[in-house]
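Colleague: Please give a close account of one part of this model, the lining of the largest pocket, and relate that lining to the strands around it.

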Amino acid sequence: MKDLKERAIKATKLFLERRGYEVIETGWECPADAIDVVATDDETLVFVEVSVRTADESGFPEGSGLEGRGHRKTAAIAYLA
């Protein structure tokens, strides 16, 4: 699954770059959490979380991962510090 996540992050980076974002870094980590992709869109700093699923997993992406929102917010604040 780790290899799949790494490929998904690379695909996300390419997707964002093709749409004019400047990707600053990928795989940034702190004790609170990790930020998969950090990019800028003009003067806006963008934090992107990449989620992957295998074909045999069920469910929809809507609503998944909301429980970790506080950790991601903490990671974004740590990135800015």
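Modeller: Thr74 is found in helix 2, residues 69–80, where helices (H or I, at least four residues) and strands (E, at least two) are DSSP runs numbered from the N terminus. The model is a predicted one, in which local features need pLDDT of at least 70 and side-chain atom pairs count only at pLDDT 80 or more, while totals for chains, interfaces and linings use all residues. Residues are numbered from 1 along each chain as its sequence is written, and side-chain values use heavy atoms, without hydrogens and water.

Thr74 counts as partly exposed because its relative accessibility is 42%; buried means under 20%, exposed over 50% and partly exposed in between (1.4 Å probe, protein chains only). Between Thr74 and Ala32 there are 6.4 Å from C-alpha to C-alpha, although the two are 42 residues apart in sequence.

The surrounding fold comprises two helices and three strands, arranged α-β-β-β-α from the N terminus on. Of the 81 residues of the protein, 26% count as buried. Among contacts (heavy atoms within 4.5 Å) with a separation of 6 or more, 46% join residues 24 or more positions apart.

The part requested, the largest pocket, has a volume of about 180 Å³. A pocket is an open set of points on a 1 Å grid over the protein atoms alone where a 1.4 Å probe fits, with protein on both sides within 12 Å along at least five of seven lines; lining residues have an atom within 4 Å of a point. Points are joined across faces, edges and corners, and the volume is the space filled by probe spheres set on them.

The lining consists of Lys2, Lys5, Glu6, Ile9, Lys10, Thr26, Gly27, Glu29, Ala34 and Asp36. Helix 1 (2–18), strand 1 (22–29) and strand 2 (34–41) each supply at least two of the lining residues, and helix 1 gives the most, with five. By class, six lining residues are charged (Asp, Glu, Lys and Arg count as such), two are nonpolar and two are polar, Gly being counted among the polar residues.

The two strands that contribute to the lining also pair with each other. Strand 1 and strand 2 run antiparallel and are joined by six bridges, at least two DSSP bridges being needed for a pair. They form a hairpin with four residues between them. Thr26, one of the lining residues, has Val37 of strand 2 as its bridge partner.

Strand 2 pairs in turn with strand 3 (residues 44–48), again in the antiparallel sense, over five bridges. Val37 is partnered there by Val48, and Ala39 by Val46. Two residues separate these strands in their hairpin, where Asp42 takes a positive phi near 60 degrees. Strand 2 is mostly covered, with six of its eight residues buried.

Asp36 brings these threads together: this residue lies in strand 2 and also belongs to the pocket lining. Asp36 counts as buried because its relative accessibility is 9%. Leaving aside residues up to four places away in sequence, Asp36 touches Lys5, Ile9, Glu25, Thr26, Gly27, Val48, Glu49 and Val50. Of these, Lys5, Ile9, Thr26 and Gly27 are also found in the lining. The side chain of Asp36 reaches the backbone nitrogen of Val50 at 2.6 Å, where a polar contact is a donor–acceptor pair of N or O atoms within 3.5 Å, and residues adjacent in sequence count only if both atoms are side-chain atoms.
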